[in-house]
Amino acid sequence: MGANGVFASSAKHEGKESRIKRMPYAKPPFTLGKIKKAIPPHCFERSLLRSFSYVGYDLCISFLLCYIAITYFHLLPSPLAYIAWPIYWILQGCILTGVWVIAHECGHHAFSDYQWVDDTVGLILHSALFVPYFSWKYSHRRHHSNTGSLERDEVFVPKPKSRVAWYSKYLNNPPGRALSLAVTLLLGWPLYLAFNVSGRPYDRFACHYDPHGPIYSDRERLQIYISDLGIFAATFVLYNIAVSQGLAFLICIYGVPLLIVNGFLVTITYLQHTHPSLPHYDSSEWEWLRGALVTMDRDYGILNKVFHNITDTHVTHHLFSTMPHYHATEATKAIKPILGEFYQFDDTPIYKALWRETKECLYVDPDDGAPEKGVFWYRNQF
């Protein structure tokens, strides 16, 4: 299965047929207003009580998992303990990824009707997960404003072949791909925050922790300092836990689940914006609606619910980012008939999709001889 549920033959490139039907890249025959009219009005309503119920639910499960691990795991015989801890890490990592998604909603003003509530909740939750809340809120907002643009998009910006690193062709093999995936899933998120790895190129060093970096405007700098204070506060709390309980305790209870959260985050966002059927545009072709549609809904099974459906309703999220997650599934069903082939969904198992996209989506180039020189597609041949 593939984009829109089928693999299909489409455009040829260098004599080879693509296995995946490409998304239409012409100007859509509908407007954002028409899409919005198809969605029931209540889908745009934010409920403070309902939003907090999801926060409370996730945190209760997280604290329960912590309590079980701290209270009972040391009583288990060693063979069972070696099984219990990985189970805890995976479950806790999944739940905390859901917490991460709610904090992300706060950054979009999708949590409540009150901006100060959204920013307070988002700052607390994201800082607890070592994310600089306002810093990422602003760069992520620019991603939503420029999705699919090769010049202005903020993250997972594919490179044309001429700008691909010299060593990439030596990693274009199974061991190289496995190594690249391991590094990306383990370190990709902190490297992006600290060094803008895989982000939009700037004329000087860009860092999400630098209030005076090129990512931010003068009116945003104070809030970047507040984000940094949130990270310092979280570091102080974790330091005291390590001092009182030991570093091994902190790593087992918090450190390993956080790595899993980071891995899920990179996987989710990478697969949302990377697929052989998705085009990218330069400034000659890019328009906001065309770019906003350049994203792929995926099926994570039961984790769709755990991750608050950010995985299988991401197209809707890019079109209406202030819509709360608990209405996004209904809205997605409503807009599918309007979008037609512009709606992209791939139900390939995630582990297979991750390997395939790592193999197939190495750089972008326009089709040879195509009249639209500003439309770029993924390639995998050096």
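The conversation below goes through a predicted model and asks how its descriptions are reached.

Modeller: Residues are numbered from 1 along each chain as its sequence is written, and side-chain values use heavy atoms, with hydrogens and water left out. Because this is a predicted model, local features need pLDDT of at least 70 and side-chain atom pairs count only at pLDDT 80 or more, whereas totals for chains, interfaces and linings use all residues.

Biologist: Why is T358 called buried or exposed, whichever word applies?

Modeller: Buried means under 20% relative accessible area, exposed means over 50%, and partly exposed is in between, with a 1.4 Å probe and protein chains only. T358 has 12% relative accessibility, so T358 counts as buried. T358 sits in helix α13, residues 350-360, where a helix is a DSSP run of H or I with at least four residues, a strand is a run of E with at least two, and both are numbered from the N terminus.

Biologist: What does T358 touch, leaving out residues up to four places away in sequence?

Modeller: Contact means heavy atoms within 4.5 Å, and on that basis T358 touches R177, L181 and Y270. A polar atom of the T358 side chain also lies 2.7 Å from the backbone oxygen of L354. A polar contact is a pair of N or O atoms within 3.5 Å; within protein, one must be able to donate a hydrogen and the other to accept it, and residues adjacent in sequence count only if both atoms are side-chain atoms.

Biologist: What makes a group of residues a nonpolar core?

Modeller: A nonpolar core is a set of buried Ala, Val, Leu, Ile, Met, Phe, Trp, Tyr and Cys residues joined through side-chain atoms within 4.5 Å. The largest one here has 48 residues, of which W100, W189 and F307 touch the most other members. At least two residues of this core come from each of α3 (78-107), α4 (115-128), α5 (133-145), α6 (174-195), α7 (221-245), α8 (247-273) and α13, and the largest share, 10 residues, is supplied by α8. Apart from this core lies another, of 24 residues, among them M23, L278, L319 and M323.

Biologist: How do you know whether α6 and α8 are parallel or perpendicular?

Modeller: The axes are lines fitted to C-alpha atoms, for helices over the stretch in contact, and angles run from 0 to 180 degrees between N-to-C directions. Helices α6 and α8 pack at an angle of about 90°, and their axes are 8 Å apart. Angles under 35 degrees count as roughly parallel, over 145 as roughly antiparallel, 65 to 115 as roughly perpendicular and the rest as oblique, so α6 is roughly perpendicular to α8.

Biologist: Which residues make that contact, and how do they divide into nonpolar, polar and charged?

Modeller: Helix α6 contributes T184, L185, L186, G188, W189 and P190, while α8 contributes L259, N262, G263, L265, V266 and T267. Ala, Val, Leu, Ile, Met, Phe, Trp, Tyr, Cys and Pro count as nonpolar, Asp, Glu, Lys and Arg as charged, and the others, Gly among them, as polar; the contact residues therefore divide into 7 nonpolar, 5 polar and no charged.

Biologist: Why is T295 called buried or exposed, given that it lies in a loop?

Modeller: The relative accessible area of T295 is 0%, so T295 is buried, and its loop lies between α9 (288-292) and β4 (297-298). The side chain of T295 makes a polar contact with the side chain of H314 at 2.7 Å. T295 and Q344 are 49 residues apart along the chain, with their C-alpha atoms separated by 7.0 Å.

Biologist: What makes the phi of F156 and of S198 worth pointing out?

Modeller: Most residues other than glycine have a negative phi. F156 is not a glycine and has a positive phi of about 50°, and S198, also a residue other than glycine, has a positive phi near 75°. F156 lies in the loop between α5 and α6, and S198 in the loop between α6 and α7.

Biologist: How do you know which of F156 and S198 is buried and which is partly exposed?

Modeller: With a relative accessible area of 17%, F156 is buried, whereas S198, with 32%, is partly exposed.
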